[in-house]
Amino acid sequence: MIQPGQAAPDFQLRDLDGIPHRLSAQKGRVTVLHIWSSTCPWTERTDPRVREAASAHGADLWTIAPNTDETEDQLRTESRRRGLRLVLRDVRQQVADLYGVTATPHVVLVDARGLVRYHGAVDDARFREPQPRRRFLAEALAAIQRGEDPDPAATPTYGCAIVREA
């Protein structure tokens with residue numbers, strides 16, 4: 001798994017309109033990679049927090065859909081409903097494999113220099129504690145803005161397993 005402080009592995013994925021997007025073109029911009037599912041209830045719960053955190057801190061939000069069982073129509077409908085503007089298809093799990101992601105939701109924060117600064121859960125909510133006490137992504141973005149290292153820089157993720165072809 002990629003570690004905080006390491007260079008973010010480059011990749012290129014197409015959005016739902018077929019337009020390619022390459023991570024290395026984001027140099028100079030803070031980017032949140034939001035590994036996402038249109039069917040996972042944990043992802044649906046965290047979508048507003050991911051959107052709000054990225055917006056509040058001026059970060060670009062790249063929503064990445066790695067599940068093989070989700071259609072483009074399903075992705076379009078759910079992303080519009082949830083206010084997610086850029087959705088990239090990762091049906092071969094290229095990004096999931098590069099970054100060691102096994103479940104959704106999972107976020108990776110890449111700073112303007114192209115370094116991974118945080119990866120893991122959006123917050124600390126769990127099944128038996130649905131209200132988060134900590135919002136890891138928002139805290140990491142705020143730390144980056146202050147010129148500090150996020151603490152924690154990595155957390156375990158929780159949610160729904162990524163669906164792969166057999």
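**Exercise 1. Find out what R49 touches, and decide whether R49 is buried or exposed.**

Step 1. Start by locating the residue: in this predicted model, R49 sits in helix α1.

Step 2. Skip the residues up to four places away in sequence, and look at what is left. R49 touches V122, D123, Q131, P132 and R135.

Step 3. Now check the accessibility. The relative accessible area of R49 is 17%, and buried means under 20%. R49 is therefore buried.

**Exercise 2. Stay in the helix and do the same for D47: which residues does D47 touch, and is D47 buried or exposed?**

Step 1. D47 also has its place in helix α1.

Step 2. Leave out the residues up to four places away in sequence once more. The contacts of D47 are then H34, W36, R82 and L84.

Step 3. D47 has 1% relative accessibility, so it counts as buried.

Step 4. Here's a distance to try in your viewer. D47 and T102 are 55 residues apart in sequence, and their C-alpha atoms lie 18 Å apart in space.

**Exercise 3. One of the contacts of D47 is H34. Work out where H34 sits and what surrounds it.**

Step 1. H34 belongs to strand β3.

Step 2. Its relative accessible area is 0%, so H34 is buried.

Step 3. Set aside the neighbours within four places in sequence and go through the contacts. From T43, D47 and V50, the list for H34 goes on to L61, W62, T63 and I64, and then to L84, H106 and V107.

Step 4. Match some of these to elements. T43, D47 and V50 fall within α1, which spans 41-56. L61, W62, T63 and I64 fall within β4, residues 60-65. H106 and V107 fall within β7, residues 106-110.

**Exercise 4. Trace the sheet: in what order do its strands come, and which strands are at the edge?**

Step 1. Write down the order. Five strands make an open sheet, running β5-β4-β3-β7-β8, with mixed pairing.

Step 2. Pick out the edges. β5 (87-89) and β8 (116-120) each pair on one side only, which makes them the edge strands.

Step 3. Add the twist, which averages 20° from one strand to the next.

Step 4. Place the helix. α1 packs on this sheet and touches β3 (31-35), β4 and β7, and its direction makes about 175° with that of β3.

**Exercise 5. Zoom in on β4: which strands does β4 pair with, and how many bridges are there?**

Step 1. Begin with β3. β3 and β4 are parallel and share five bridges. Within this pair, I35 is opposite I64.

Step 2. Go to the other partner. β4 and β5 run parallel too, joined by three bridges. I64 turns up again here, with L88 of β5 as its bridge partner.

Step 3. Ask why β4 is largely enclosed by the rest of the structure. The reason is burial: five of the six residues of β4 are buried.

**Exercise 6. How many residues of helix α4 are buried, and what covers them?**

Step 1. Count along residues 136-145. Seven of the 10 residues of α4 are buried, so call this helix mostly covered.

Step 2. Name them: F136, L137, A140, L141, A142, A143 and I144.

Step 3. Look for the cover, which includes β3, α1, β7 and β8.

Step 4. Step just past the end of α4, where G147 has a positive phi of about 80°.

**Exercise 7. Describe the two largest pockets: what volume does each have, and which residues line it?**

Step 1. Take the largest pocket, with a volume of about 220 Å³. Its lining is R51, A54, S55, A59, D60, L61, G83, L84, R85 and L86.

Step 2. Sort that lining by element and class. α1 gives the largest share, three residues, while α1 and β4 each give at least two. Five lining residues are nonpolar, two are polar and three are charged.

Step 3. Move to the second largest pocket, at about 180 Å³. Q12, L13, R14, D15, P20, R89, D90, V91, R92 and Q94 line this one.

Step 4. Sort again. Strand β1 (residues 12-14) supplies the largest share here, three residues. By class there are three nonpolar, two polar and five charged residues.

Terms used
Residues numbered from 1 in each chain as written. Predicted model: local features only at pLDDT ≥ 70, side-chain atom pairs only at ≥ 80, totals over all residues. Heavy atoms only, no water. 1 Å grid on protein atoms, 1.4 Å probe; cavity = no way out; pocket = protein on both sides within 12 Å on 5 of 7 lines; lining within 4 Å. Points joined across faces, edges and corners; volume = space filled by probe spheres on them. Helix = DSSP H or I, 4+ residues; strand = E, 2+ residues; numbered from the N terminus. Nonpolar A, V, L, I, M, F, W, Y, C, P; charged D, E, K, R; others polar. Pairing = 2+ DSSP bridges. Axes fitted to C-alpha atoms, helices over the stretch in contact; angles between N-to-C directions. Contact = heavy atoms within 4.5 Å. Buried < 20%, exposed > 50% of the residue type's maximum accessible area, 1.4 Å probe, protein only.
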